[in-house]
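User: Please take a close look at one strand of this model and explain how it sits among its surroundings. A plain account for a beginner would be best.

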Amino acid sequence: MVGLQLGARPHYAPASIDARPLSGAAAYASSGNTGYWFDSCSIGSDYVDVGGNVVDIDQQHCARAIYSDDDFGQRPDETYADYNARTENLYQEQQRDFDTCLRTQGADHFEVRYHADNRFRQFQLTEAALVLLIAGVFLVPARWGLRRLRP
């Protein structure tokens with residue numbers, strides 16, 4: 001069953017694709033959120049180029065574009081309004097730097113491939129049919145072997 005779920009399930013039906021622009025990609029990278037939904041079966045996510053080909057991003061190169069949490073801490077000498085303005089500027093600068101880093105490596109947008117949760121019953125029926133087919137394939141040689149063991 002694990003083999004069916006991990007190996008075959010992504011190929012039961014064409015995947016739905018949610019294409020997201022690069023703007024705001026630093027928020028995904030800094031929080032570790034790749035955009036998966038809890039109510040669907042996620043297949044994968046990648047940065048892709050204009051032609052839809054997967055782009056291998058050098059995360060070490062783009063890590064410089066993400067500021068540390070220390071940069072976003074409130075300083076003792078600033079008011080709350082100054083803190084909000086400074087962190088908003090830092091966040092916008094971080095977004096621009098990270099987007100530029102991704103674009104220089106060839107990325108055009110971010111894609112998430114998934115199967116929607118409304119396909120769950122279809123996948124259960126498909127897996128049940130596959131398990132019955134595999135059981136039937138093993139049943140034929142087992143019956144043949146049992147007949148040969150008769151006295």
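Analyst: In this predicted model, strand S3 is mostly covered, with six of its eight residues buried. S3 runs over residues 109-116.

One neighbour of S3 is strand S1. The two strands pair in the antiparallel sense, over six bridges. Within this pairing, Ala 19 stands opposite Glu 111 of S3. In a regular strand, side chains alternate between the two faces of the sheet.

S3 also takes part in the largest nonpolar core, which has twelve residues. Among them are Phe 110, Val 112 and Tyr 114, along with Phe 98, Cys 101 and Leu 102. Both S3 and helix H4 (80-104) supply at least two residues of this core. Other members include Leu 22, Tyr 47, Val 55 and Ile 57.

Further along the chain is helix H5, residues 120-148. The structure holds three aromatic pairs. In one of them, the ring centres of Tyr 12 and Phe 123 are 5.3 Å apart and the planes meet at 65°; the cut-off for edge-to-face is over 60 degrees, so this pair counts as edge-to-face. Phe 123 belongs to H5, while Tyr 12 lies in the loop between helix H1 (2-8) and strand S1 (16-21), so the pair links parts of the chain 111 residues apart. Tyr 12 and Phe 123 are both buried.

Glu 127 is another residue of H5. Glu 127 counts as buried because its relative accessibility is 7%, and the limit is under 20%. Leaving aside residues up to four places away in sequence, Glu 127 touches Met 1, Leu 4, Gln 5, Arg 9 and Tyr 12.

Notes
Residues are numbered from 1 along each chain as its sequence is written. This is a predicted model: local features need pLDDT of at least 70, side-chain atom pairs count only at pLDDT 80 or more; totals for chains, interfaces and linings use all residues. Side-chain values use heavy atoms; hydrogens and water are left out. Rings of Phe, Tyr and Trp (its six-membered ring) pair if their centres lie within 6.5 Å; planes under 30 degrees apart count as stacked, over 60 as edge-to-face and the rest as tilted. Helices (H or I, at least four residues) and strands (E, at least two) are DSSP runs, numbered from the N terminus. Buried means under 20% relative accessible area, exposed over 50%, partly exposed in between (1.4 Å probe, protein chains only). A nonpolar core is a set of buried Ala, Val, Leu, Ile, Met, Phe, Trp, Tyr and Cys residues joined through side-chain atoms within 4.5 Å. Two strands pair if DSSP finds at least two bridges between them. Contact means heavy atoms within 4.5 Å.
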